[in-house]
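Visitor: I would like to understand the salt bridges here, and I am new to the subject. Could you take me through them slowly?

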Amino acid sequence: MSQGRTARFRAATSACLIAATGLASVVFASPAHAAPSFQLPFECGQEWRLDTWAHSPALDMVREPDQVGTLGAALLAPAAGTVNKSTYHDNAGHMIQINHGGGHFTTYLHLDSRAVGVGARVAQGQLIGRVGKSGPTSNGHPHLHYEQGFDANGDGSATWGYAGAERVAAVFDGVTYTGSSRTWRNVTSRNCGEEADLERVSDFSGDGHSDVLGVNAAGDLLYYPNNGLALSAPKEIGHGWAAFKHVMAADFSGDGHADVLGVDAAGDLLYYPNNGLALSTPKEIGHGWGGFKHVMAADFSGDGHADVLGVDAAGDLWYYPNNGLALSTPKQLGHGWGGFKHVMAADFSGDGHADVLGVDAAGDLWYYPNNGLALSTPKQLGHGWGAFSQVFASDFSGDGHADVLGVNAEGDLSYYPNNKLALSTPKQLGHGWGAFPHVM
């Protein structure tokens, strides 16, 4: 980082105290309860610069090298916990606080977006938001203001953002980062566990567990919340969907909540943003999709934004990258897909990149791993799927690995857990789904 750029960053980030009464910070004694094994709240292998400036033990973080990629970077939970604050603060902008148990908390300020709500359970490595520059005390400079805290007074929260708050020295991967006006360069994230889950297919609520959406015989679009591996009473989120040829749910915007995409009777591909569990005015993102046999949305690139995949009339499988809520030039992934009855995309392997699954003409279910934006040799997951009217994949269990759900010939909706890249005994989630033209 150049000297001038460093100076600008220091000027911008030194203003991050929210209601500071002074620059001196208080570091509490080590809490009595052992802290979780916190990891840097970013994707595995990324390098970040950490600065305390004048508000130690709080940290400001920017991406290395030279801050490129800070704005919009995926923010991951550094340890498992429960969200107890998720709001917009007058000074701090979009902010989140997580209760990690035993009195330990983490707080995140100036976010670009929040992917979790109050009460949500999060796993280590789960997407919780995006780094930004919201709130006046960010000075318009993208960075993450991060604090670890301990509930010293036992009131069920940890104060933050000012000298004397319940802030403690930050520890990542067993290393402590504290001290006034300290800088650490090229700190590498080890937030690499299997629980990391940046891809959201059908997770309409944004709690890390996929929900079920369906278009019924009347053309109503219904949202069925995932309630502990069962479905709650549905909420209608639209009507007039009976004429749509394809309907899918995935996180196109990258905010942690699945949006809805659909191909209408005219062959136009429309994106309906998820706006607080309701759908906003759609945006057209393509036309000429009426001839496609299969269309699906999932994060094939692994950047946190769902892409679009489709099987055209010739049976070729194409990948259309999401480029700022628009679609880039497609890349062909394969051919010979015209005979498949069902084709779906979701992160079956749990590596953050969507894979492709399909039911062939013989009724066999196959898993095609995503291997660097190409498909590897498939593995058979099961047979007898030819009679299913609907088959789709999404992370219903919330463990970061997509499961398989299907509507059988009797109209029963069942959930098949992903058990180390194989399918376990199914659990029935409901019946009467046979008349639904679209289930996702």
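Guide: Let us begin with the term itself: a salt bridge is a side-chain nitrogen of Lys or Arg within 4 Å of a carboxyl oxygen of Asp or Glu. This is a predicted model, in which local features need pLDDT of at least 70 and side-chain atom pairs count only at pLDDT 80 or more, while totals for chains, interfaces and linings use all residues. Residues are numbered from 1 along each chain as its sequence is written, and side-chain values use heavy atoms, with hydrogens and water left out.

Visitor: How many salt bridges does the structure hold?

Guide: Counted by that distance rule, the number of salt bridges in the structure is 3.

Visitor: Which residue forms a salt bridge with Arg49?

Guide: Both partners of this pair are buried, which means under 20% relative accessible area, where exposed is over 50% and partly exposed lies in between (1.4 Å probe, protein chains only). The closest N and O atoms are 2.6 Å apart, and the partner of Arg49 is Asp51.

Visitor: How many residues apart in sequence are the parts that Glu64 and Arg185 tie together?

Guide: Glu64 and Arg185 form a salt bridge, with 2.6 Å between the closest N and O atoms. Glu64 lies in the loop between strands E2 and E3 and Arg185 in strand E13 (strands are DSSP runs of at least two residues, numbered from the N terminus). The pair therefore ties together parts whose separation in sequence is 121 residues.

Visitor: Is Arg167, which meets Glu147 in a salt bridge, buried or exposed?

Guide: The side chains of Arg167 and Glu147 meet at 2.9 Å, N to O. With a relative accessibility of 2%, Arg167 counts as buried.

Notes. Helix = DSSP H or I, 4+ residues; strand = E, 2+ residues; numbered from the N terminus.
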